[in-house]
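Let's take a walk through a protein model together. Have a look at the sequence and the 3D view, and then we'll go from one small detail to the whole fold.

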Amino acid sequence: MALRRIVEQGDVCLTKVCRPVTDFNRRLWLLLDDLRETLADAGGAGLAAPQVGVLRRAYVAMDLDTEEMFELVNPVIVEQRGEQRGPEGCLSVPGKWGLVTRPEYVRVRAQDRHGQWYELEGRDLMARTLCHELEHLDGHLYTEHIDRFLTEEELEEYREQEG
């Protein structure tokens, strides 16, 4: 496993649609291991392959409540309900936050590192993370959903309200 460099907004790979994963082999396993390690080091909630320069449909997401890490390959949202609005940031847009509206609940169908299909449900922050990372696979950033970046004071106010 190795830490990979996280590319930042402005890098062309963040604007590309990623190709599906078709080979579930050691190369994919190494990518997923590196995404896990890089995410843990960076302290984020999720990290997608294009954020480390790899144009494949794969990402890792952490459930911050349980600290469980999930690997999602070729993910697709199969159900979503409700709506939530809150501050969102991104490891590829360091130090910046904006208000984004996302579903309150999502169910995602994805493959694991061996190609086996499974479903994962997420609510609240986990739903936000699952949607945010999936958008990376289609060449989109959360900044497309915001009117402006939050000030430090506004961000602190939101964090205080969340408890």
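First, a bit of vocabulary: a residue is called buried when its relative accessible area is under 20%, exposed when that area is over 50%, and partly exposed in between. Keep in mind that what you're looking at is a predicted model.

Now find Glu67, in the loop between strand 2 (58-63) and strand 3 (68-81). Is Glu67 buried or exposed? Its relative accessibility is 62%, so Glu67 counts as exposed. There's something else to spot here: Glu67 isn't a glycine, yet it has a positive phi of about 60°.

Asn74 shows a similar backbone feature, with a positive phi of about 55° although it is not a glycine either. This residue, though, is found in strand 3. Asn74 has a relative accessibility of 10%, so it counts as buried.

Let's zoom out. The protein chain has three helices and seven strands. Starting at the N terminus, you'll pass them in the order α-β-β-β-β-β-β-β-α-α.

How does the overall size work out? A compact globule of 163 residues would have a radius of gyration near 15 Å, and the protein chain agrees because its own value is 15 Å. Along the principal axes, the C-alpha atoms fill a box of roughly 45 × 30 × 25 Å. Buried residues make up 47% of the 163 residues.

Finally, the surface and the charges. The protein chain's accessible surface comes to about 8,800 Å², with 46% of it belonging to carbon and sulfur atoms. There are 20 positive and 32 negative side chains, and the centres of these two sets lie 8 Å apart.

Conventions
Residues numbered from 1 in each chain as written. Predicted model: local features only at pLDDT ≥ 70, side-chain atom pairs only at ≥ 80, totals over all residues. Heavy atoms only, no water. Helix = DSSP H or I, 4+ residues; strand = E, 2+ residues; numbered from the N terminus. Rg over C-alpha atoms; globule rule 2.2 N^0.38 Å. Buried < 20%, exposed > 50% of the residue type's maximum accessible area, 1.4 Å probe, protein only. Areas by Shrake-Rupley, 256 points an atom, 1.4 Å probe, with all protein chains shown as cover. Lys, Arg positive; Asp, Glu negative; His and termini not counted. Charge placed at Lys NZ, Arg CZ, Asp CG, Glu CD.
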